Amino acid sequence: MSSDVIEVAALKADSFGRIALMRDRAGLFVRRDLGHVPWWLRVPAWWLARREARALQRVDGLEATPQLLRWDGRRLDRSYLDGAAMYQRPPHGDLAYFRQARRLLQRLHRRGLAHNDLAKEANWLVLVDGRPAIIDFQLATRGDPRSRWMRLLAREDLRHLLKHKRTYCPQALTPVERRVLKRHSWLRELWFATGKPVYRFVTRRILHWEDNEGQGPKP
């Protein structure tokens, strides 16, 4: 590590890398370091980091999203967003937050990117000025925004946002939004029937994660 780069604080460490808040001459940034990943997880950890780097290239210049600074195959550096996770600073009754979040999501989708992990409150930030931001693009999918597959994924992103709105701003849900929440896609049903049990087994039994799937600490 260069002498003019220092670690300010450790943010998270798991089997797929260590995330830390760093500082260099230009200011604060966030680093995902794969250097301490167990050998048997190095390939999936590298694949996820590369996937995130490619997703961040799609959001280059888009406000309220991390900006890619560097990716060298071991370290991924992205810009720092000053805010707190949704569960840490809940937007109770904040209709403006959810209106802005929906517009942000639309801009993301128009760039041909579906996030795929927005059920986690940890991936939604409330910035210091109250605006929303989106982080953690490891599972994001790139594609033609007009394709049926990308439209389906975009709809699932929207459903996850509306679920958070239902939690924190239920009185503001429109009739159309309520219908979206009730209409479950085949993709969701397939995930709950097959993918989610595997995810829980791997994360809880093998990797020993206890983060409530990124939604904040359990009560």
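**Note on the predicted model**

1. Leu139 is placed in the loop between strand 9 and strand 10 (141–142), and a new reader should keep in mind from the start that this is a predicted model. With a relative accessible area of 38%, Leu139 is partly exposed, because that value falls between the 20% limit for buried and the 50% limit for exposed residues. Once its neighbours within four places in sequence are set aside, Leu139 is in contact with Leu48, Arg51, His115, Asn116 and Asp117. One of these partners, Asn116, is 23 residues away from Leu139 along the chain, yet the two C-alpha atoms are separated by 6.0 Å.

2. Asp117, which is among the contacts of Leu139, also takes part in a salt bridge, since its side chain meets that of Lys120 at 3.4 Å, taken from N to O. Are the two partners buried or exposed? Asp117 has a relative accessible area of 13% and is buried, and Lys120, with a value of 17%, is likewise buried; both assignments follow because the limit for a buried residue is under 20%.

3. Strand 3 (residues 27–33) deserves attention next, as six of its seven residues are buried, leaving the strand mostly covered. Strand 2 (residues 17–24) runs antiparallel to strand 3 and is joined to it by seven bridges, and the two strands form a hairpin that has two residues between them. Strand 3 is also joined to strand 5 (residues 75–79), again in the antiparallel sense, through five bridges.

4. Phe29 is a convenient residue from which to follow these pairings. In strand 3, Phe29 has Met22 standing opposite, and Phe29 also stands opposite Ser79 in strand 5. The ring of Phe29 has a charged side chain over its face, namely that of Arg70, at 5.2 Å from the ring centre.

5. Arg70 has a further role in the list of contacts, for it forms a salt bridge with Asp77, and the closest N and O atoms of this pair are 2.9 Å apart. How do the two partners compare with the limits for burial, and why are they classed as they are? Arg70 has a relative accessible area of 40% and is therefore partly exposed, whereas Asp77, at 2%, is buried, because buried means under 20% and partly exposed covers the range up to 50%.

6. Over the whole structure, the search finds 15 salt bridges. Among them is the one between Arg159 and Glu156, where the closest N and O atoms are 3.7 Å apart. Arg159 and Glu156 both lie in helix 3 (residues 148–168), at a separation of three residues, or about one turn of the helix, and both of these residues are buried. Elsewhere, Arg31, Arg70 and Asp77 are joined into one network by salt bridges that share partners.

7. An open sheet of three strands is arranged in the order 6-8-9, and its pairing is antiparallel. Its edge strands are strand 6 (83–85) and strand 9 (132–134), each of which pairs on one side only. On average, and with direction ignored, neighbouring strands of this sheet are turned by 35° against each other. The pairing of strand 6 with strand 8 (residues 124–127) is antiparallel and extends over three bridges, and within it Ala84 stands opposite Val126 of strand 8. Helix 2 (residues 95–110) packs on the sheet and touches strand 8 and strand 9, its direction making about 35° with that of strand 9.

8. The final point concerns aromatic rings, for which the count comes to one aromatic pair. In what way do the rings of Tyr97 and Phe98 face each other, and why? Their centres are 5.2 Å apart and their planes stand at 80°, so the pair is edge-to-face, given that planes over 60 degrees apart are counted in that class. Tyr97 counts as buried at 1% relative accessibility, and Phe98, with a relative accessible area of 3%, is buried as well.

How values were computed. Residues are numbered from 1 along each chain as its sequence is written. This is a predicted model: local features need pLDDT of at least 70, side-chain atom pairs count only at pLDDT 80 or more; totals for chains, interfaces and linings use all residues. Side-chain values use heavy atoms; hydrogens and water are left out. Buried means under 20% relative accessible area, exposed over 50%, partly exposed in between (1.4 Å probe, protein chains only). Helices (H or I, at least four residues) and strands (E, at least two) are DSSP runs, numbered from the N terminus. Two strands pair if DSSP finds at least two bridges between them. A salt bridge is a side-chain nitrogen of Lys or Arg within 4 Å of a carboxyl oxygen of Asp or Glu. Axes are lines fitted to C-alpha atoms, for helices over the stretch in contact, and angles run from 0 to 180 degrees between N-to-C directions. Contact means heavy atoms within 4.5 Å. Rings of Phe, Tyr and Trp (its six-membered ring) pair if their centres lie within 6.5 Å; planes under 30 degrees apart count as stacked, over 60 as edge-to-face and the rest as tilted. A charge sits over a ring if NZ of Lys or CZ of Arg is within 6 Å of the ring centre and within 35 degrees of the ring normal.
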